[in-house]
Amino acid sequence: MPSLSFLVKALPVFSAGALATASLPAKPSDLSTPTQVRISVSGPNSISVGWNTYQQSSKSCVSYGTSASSLTQKSCSTKSDTYPSSRTWFHTVYLNNLTPATKYYYKIESSNSTVEEFLSPRVAGDKTPFAINAIIDLGVYGADGYTIQNDQSKRDLIPDIPPSLNHTTIKRLADTADDYEFIIHPGDLAYADDWVLKPKNLFDGKNAFQAILEQFYGQLEPISSRKPYIVSPGNHEAACQEIPHTTWTCPAGQKNFTDFMTRFSDNMPSAFASTSKVNQAKINANRAQQLAKPPFWFSFEYGMAHIVMINTETDFASAPDGPDGEAGLNSGPFGTPDQQLQFLEADLASVDRTVTPWVIVAGHRPWYTTGDGPCTECQTAFEPLFYKYGVDLGVFGHVHNSQRFYPTYNGTQDPAGMRNPKAPMYIVSGGTGNIEGLSAVGTKPKNTAFAYADDFSYATIRFLDTQNLKVDFYRSSTGELLDSSTLYKKHGDQFVLNN
């Protein structure tokens, strides 16, 4: 987070005046050209396609089919959203009634668009092995973006490489596209609020914030247009900058998670209807559907996994970015009192382990981490429910490195270790790369199994079968396997309720 002293010191850099400008991407000559394309799981047998254009549209359509040369189906929407400081409009279209686990092709209708492809979602209960990637704290690359430990000499300045491939983590995601089926990104997307770290932006902050968003989602597009991209919020989505108690100075559209909401509210799933044969599970799942608030908190099912995305920023007692939070970002709430925690309890209680044995919960701020900064408020709110309902794996970021912890509850390592523990296993995958650089590992708690901060890295979660889940950490630049672990869970109970 930039300090006030940094701003004061940086102002003389461009005190001569108008040299400071934001790096806004050039608009295409055809303003209907789809940009920042992203897809997501939106429901059982359904994919949402989201994109931006530099002009409003009265009707947005996507043609699709199982042959690239025969896109015989079409879906349209008349909704076209924007917000005051945005240069673009946001569109979402739903492709429903898809055949599960099938390659589809699609084309956003425009005079300047291309045919893309995706694998339709697996149905709940499909026991086919698959993998997903956890990339958190991933920021823009380039003039407004990251370096290694903020060392300018290590920046790749080759102008002819597409920006989306310069970023080592994005390039690795592209190179390994056949190895995983979707991405979860629980928080800190783009780092638009760090525009102030580049002196060229100091007199053009409103445009600089938007420029970073346009750049980042353009760089991510080669991945997010083909792989479902599932998000929840982090602190860097909250406002135009992170200086406490100053969000009132932010332009309209650059506070209270506005871009995040506008971009992803229609793009993310809600909770799924239960496929369990048990009536109480159906009742709990229906309640979770009513309480879900995408893109802030929601769940979905995919194959043998039930995945929940939570909001560690607002909507619980003393939430860090909330009106009474320590970050001073005065954001939210986005639901009624306790709505998020009521959702989480109803959702976890609905999980039938004979259908989806693996339960993964992903959020931004961790409560188990090396160094300083565990989110104790998050732990108080969420950890009891994780343990009560047998969450298998907690996925977090916020700390800019990679970490893995043995199954733990209330600070005590589960004596069963990785062999059928009651407590959740935890990982941090926050070292993917952003302008703020990497965080030193620091002091390791006793439950630390792995920690790495030498280079950018990310986690792959592999669902091997109903009882074995593997987590691999990779070095982004080389693909080197840094750490590998396998969690065994018997999953003997149809519904988990720990005392």
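In the predicted model, helix α7, which spans residues 339-349, lies across the strands β13, β14 and β15, and its direction is at about 180 degrees to that of β14. Two of the strands beneath this description, β14 (residues 305-309) and β15 (residues 358-362), run parallel and are joined by five bridges, with V308 standing opposite V361 of β15.

These strands belong to an open sheet of seven strands, whose order is β13-β14-β15-β16-β20-β17-β21 and whose pairing is mixed. The edges of the sheet are formed by β13 (298-302) and β21 (448-452), each of which pairs on one side only, and from one strand to the next the twist averages 15 degrees. Strands of a sheet pair through backbone hydrogen bonds, in either a parallel or an antiparallel manner.

Helix α7 also packs against helix α6 (residues 279-291), the angle between the two being about 150 degrees and their axes lying 8 Å apart. Because angles over 145 degrees count as roughly antiparallel, α6 is described as roughly antiparallel to α7, and the crossing in which α6 passes α7 is left-handed. On the side of α6, the contact is made by N284, R287, A288 and L291, whereas α7 contributes Q339, Q342, F343, A346, D347 and A349. By residue class, the contact of α6 with α7 divides into five nonpolar, three polar and two charged residues.

A further group of paired strands is centred here on β2 (residues 46-53), which is mostly covered, eight of its eight residues being buried. In a regular strand the side chains alternate between the two faces of the sheet. In β2, S46, S48, G50 and N52 point one way, while I47, V49, W51 and T53 point the other way, and all of these residues are buried.

Strand β2 is joined to strand β1 (residues 35-43) by six bridges, the two strands running antiparallel, and I39 stands opposite V49 of β2 in this pairing. The hairpin of β1 and β2 has two residues between the strands, and within this hairpin N45 takes a positive phi near 60 degrees. Strand β2 is likewise joined to strand β5 (residues 89-95), in this case by seven bridges and again with an antiparallel course; the bridge partner of W51 in β5 is H91. Thus V49, which stands opposite I39, and W51, which is bridged to H91, both belong to the set of β2 residues that point the same way as I47 and T53.

Terms used:
Residues are numbered from 1 along each chain as its sequence is written. This is a predicted model: local features need pLDDT of at least 70, side-chain atom pairs count only at pLDDT 80 or more; totals for chains, interfaces and linings use all residues. Side-chain values use heavy atoms; hydrogens and water are left out. Two strands pair if DSSP finds at least two bridges between them. Helices (H or I, at least four residues) and strands (E, at least two) are DSSP runs, numbered from the N terminus. Axes are lines fitted to C-alpha atoms, for helices over the stretch in contact, and angles run from 0 to 180 degrees between N-to-C directions. Contact means heavy atoms within 4.5 Å. Angles under 35 degrees count as roughly parallel, over 145 as roughly antiparallel, 65 to 115 as roughly perpendicular and the rest as oblique. A crossing is left-handed if the near helix is turned anticlockwise from the far one by less than a right angle, and right-handed if clockwise. Ala, Val, Leu, Ile, Met, Phe, Trp, Tyr, Cys and Pro count as nonpolar, Asp, Glu, Lys and Arg as charged, and the others, Gly among them, as polar. Buried means under 20% relative accessible area, exposed over 50%, partly exposed in between (1.4 Å probe, protein chains only).
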